[in-house]
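Colleague: I'm new to reading protein models, and I'd love some help. Could we go through one together, feature by feature?

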Number of protein chains: 2
Amino acid sequence: MVTSRDVARGAGVSQATVSRVLQNSTHVRPETRARVLTALKEVGYTPNAHARAMRTGRTSTIGIVMGRVTNPFYPELLGALGQALSDASQRMILWLSEGPAELGAVEAIHGHTIDGVIFTTVREGSVALEEAIAAKAPFVLVNRVIEGLRCDQVASDNFEGARAVARYFAQHGHDSVGVVCGVPGISTNDERLSGFIAGLKDEGQTIKSRNIVTGDFTHAHGMRALAKLMALKVPPTAIFCVNDLLAFGVLSGAGLHGLNVPADLWVVGYDDIAMSSWHCHDLSTVKQRLDDMAGATVELLLARIADRDRNPTTLRFPSQLAIRGSTDNKPTG
Amino acid sequence: MVTSRDVARGAGVSQATVSRVLQNSTHVRPETRARVLTALKEVGYTPNAHARAMRTGRTSTIGIVMGRVTNPFYPELLGALGQALSDASQRMILWLSEGPAELGAVEAIHGHTIDGVIFTTVREGSVALEEAIAAKAPFVLVNRVIEGLRCDQVASDNFEGARAVARYFAQHGHDSVGVVCGVPGISTNDERLSGFIAGLKDEGQTIKSRNIVTGDFTHAHGMRALAKLMALKVPPTAIFCVNDLLAFGVLSGAGLHGLNVPADLWVVGYDDIAMSSWHCHDLSTVKQRLDDMAGATVELLLARIADRDRNPTTLRFPSQLAIRGSTDNKPTG
């Protein structure tokens, strides 16, 4: 087997330089890079996954299954998972979109071209998930929890995060509130809605079903939902959206309706994606500990790969309310 | 070989139902789904990429290499490519991040687990690109153009798109303008800057180098660039940003500086990503024909896979200025 030492010798450079070239670092002079690439070719170096897999029984490659999503939260989750995998010296393959494309993941599981799978937007009954269970392939669910499924799962504490929002509204004098939901049946959606209702109950409040607007997870739905809520006989003075993308839609809708946020209307999202803190949104939201969640996901998966019989764990990371300009945290009391 | 007909017979359902289960469609009753999944297992059905590849010499799987990017343009490009691949009955694998993760793509090229590669954020000298060239693997570059490289390339006409922005500014009386750039050396950045300067020249104008602020492709850089430009002795009355993300940063910065857009300042971006039309941004920008670009990319790649000796093509798709509230298109004449 050819090592990077052979390549370094051939190119007359250090092993560190070879490594930098392989990592496509910009700290290598073009002439040096060319010399290393030539040396790589001369020694016939082609990093061979199969050969390595035969040797170690491992591919050091992890597959991720993610639906075709427009919510900017998912690229951020992907970035965090990519970083965590890279920190653990693992390579990553992504299968985007559910449905037929998922079969690529199924094949990889059966073909042993990956060591394990991270499911991010999976639903109960998903083909790839069923296959992973049937094939006893190591896998972890992140940001989705399926009750009763015996496997490792990682999520933020959606229930408590949303509960804190309801209490925050109530404690600041709001007694007519609205909720903008996405698709029912998705755990993040359902847990955040339940948590919000529980928080209202803590404060002796209830919410009418017409004050809860259900749709999809899009900016357009957020805008339409705002219009619906404002058409109620008693419009809400504070709206909780189960994710930030919906909240941006509500903010856009509020602008079109000539509503002043937060004077006329409070808006709170969930996720704390990067653009929530942009000046134009300045959105109060519930921050998910994405890096911690990604790190734990990779850690659990590697532990599962090492020991398939260990007990499954469900980790819930606490979320934290981040107050910004779309609400006013001055006490009313 | 087991076919979906065997599975359909085993489950007592139609082939269409088997297909729906494999596609994870929601239009299948849970009991039916369970019966089909059982039948799939009974006939030992495991969609096997290797067997299919042996039979056809093709994997029907295309790899995409994309850097770890925060610009929301890239998830949109990915969505468009995913759709185009799906329309062409191709599966997709994504290698996210450049550097070490790119080796996964290199291995897939050598291991023939994919038929071809689409490079989206590649730079000259990238390991995976060098390997694809050396291995004579079919590949296409999209949204990046590398001059002098003999291969299929697809991009929007960045030069002409940016040129139109400069002329639009000049023709509406702006004679002090600014440009917010990202990283020099990236073709999108360089072509858009050159095109803008050419458009000014068309109108008999020039731009001082201090009116061009270079940095990275982030919202934060957009904000900082706005502050820099406004600190000039003669601050610009119109700013062109080489992408929408930078323009959002400039809009945020303008808000913080108490500037009224468009009364005090015109802002134009490039890309027309979905959130540009959100009420809070309402950004004038240059629209890329993303779906057409993605379709052409997949078409060129499949043609290349079928005939490796065909002449390389570079396709440039015209871009179009989309006027919104961040500029005022009332003629000044």
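Colleague: Let me begin with a single residue: in which strand is D152(A) found?

Modeller: Good place to start, and keep in mind that this is a predicted model. D152(A) belongs to strand β5 of chain A, which covers residues 152–156.

Colleague: Is D152(A) buried or exposed?

Modeller: The general idea is to look at relative accessible area, where under 20% means buried. D152(A) has a value of 1%, so it is buried.

Colleague: Which residue's side chain makes a polar contact with the side chain of D152(A)?

Modeller: That is R304(A), and the polar contact between the two side chains is 2.9 Å. R304(A) also appears in the list of residues that D152(A) touches, once residues up to four places away in sequence are left out. Others in that list include F139(A), V140(A), L141(A) and P312(A).

Colleague: Now for the rings. How many aromatic pairs are there over all chains?

Modeller: The count comes to 16 over all chains. One of them joins F119(A) and F139(A), with 5.6 Å from centre to centre and 80° between the planes, an edge-to-face arrangement.

Colleague: Why does that pair tie together separate parts of the chain?

Modeller: Look at where each ring sits. F119(A) is in strand β3 (residues 116–119) and F139(A) is in strand β4 (residues 139–142) of chain A, so the pair ties together parts that are 20 residues apart in sequence. F119(A) is buried at 0% relative accessibility, and F139(A) is buried at 8%.

Colleague: What kind of pair do F169(A) and W266(A) form?

Modeller: Theirs is an edge-to-face aromatic pair, with 6.4 Å between the centres and 70° between the planes. The pair links distant parts of the chain, 97 residues apart: F169(A) is in helix α8 (residues 158–171) and W266(A) is in strand β9 (residues 266–268) of chain A. F169(A) has a relative accessible area of 0% and is buried; W266(A), at 7%, counts as buried too.

Colleague: Which residues form one aromatic cluster with F169(A) and W266(A)?

Modeller: Y168(A), F196(A) and F240(A) join them in one aromatic cluster.

Colleague: Which residue lies over the face of Y270(A)?

Modeller: Here a charged side chain meets a ring. R192(A) lies over the face of Y270(A), at 3.8 Å from the ring centre.

Colleague: Let's move to the backbone. Which two residues of chain A does a cis peptide bond join?

Modeller: To read this, check the omega angle. The cis bond joins V261(A) and P262(A), with omega about 10°. P262(A) sits in the loop between α11 (244–256) and β9 of chain A. In chain B, the peptide bond from V261(B) to P262(B) is cis, with omega near 10°, and P262(B) lies in the loop between α11 and β9 of that chain.

Colleague: What is the phi of D272(B)?

Modeller: It is positive, about 55°, although D272(B) is not a glycine. This residue is in the loop between β9 and β10 (285–287) of chain B, and it is buried, with a relative accessible area of 13%. D282(B) also lies in the loop between β9 and β10 of chain B, and has a positive phi of about 45° without being a glycine. D282(B) is partly exposed, at 31% relative accessible area.

Colleague: Last topic, sheets. What is the order of the four strands in the open sheet of chain B?

Modeller: To read a sheet, follow which strand pairs with which. The order is β7-β6-β8-β9, with parallel pairing. The edge strands are β7 (212–213) and β9 (266–268), each of which pairs on one side only. Strand β8 (residues 238–241) runs parallel to β9(B), and three bridges join them. One place to look is I239(B), whose bridge partner in β9(B) is V267(B).

Colleague: Which helix lies across β6, β7 and β8 of chain B?

Modeller: That is helix α9 of chain B, residues 187–202. Its direction is at about 170° to β6(B), the strand formed by residues 177–180.

Technical notes:
Residues numbered from 1 in each chain as written. Chains lettered and ligands numbered in written order. Heavy atoms only, no water. Pairing = 2+ DSSP bridges. Helix = DSSP H or I, 4+ residues; strand = E, 2+ residues; numbered from the N terminus. Contact = heavy atoms within 4.5 Å. Axes fitted to C-alpha atoms, helices over the stretch in contact; angles between N-to-C directions. Buried < 20%, exposed > 50% of the residue type's maximum accessible area, 1.4 Å probe, protein only. Polar contact = N/O pair within 3.5 Å; in protein donor to acceptor, adjacent residues only side chain to side chain. Phe/Tyr/Trp six-rings, centres within 6.5 Å; stacked < 30°, edge-to-face > 60°. Lys NZ or Arg CZ within 6 Å of the ring centre and 35° of its normal.
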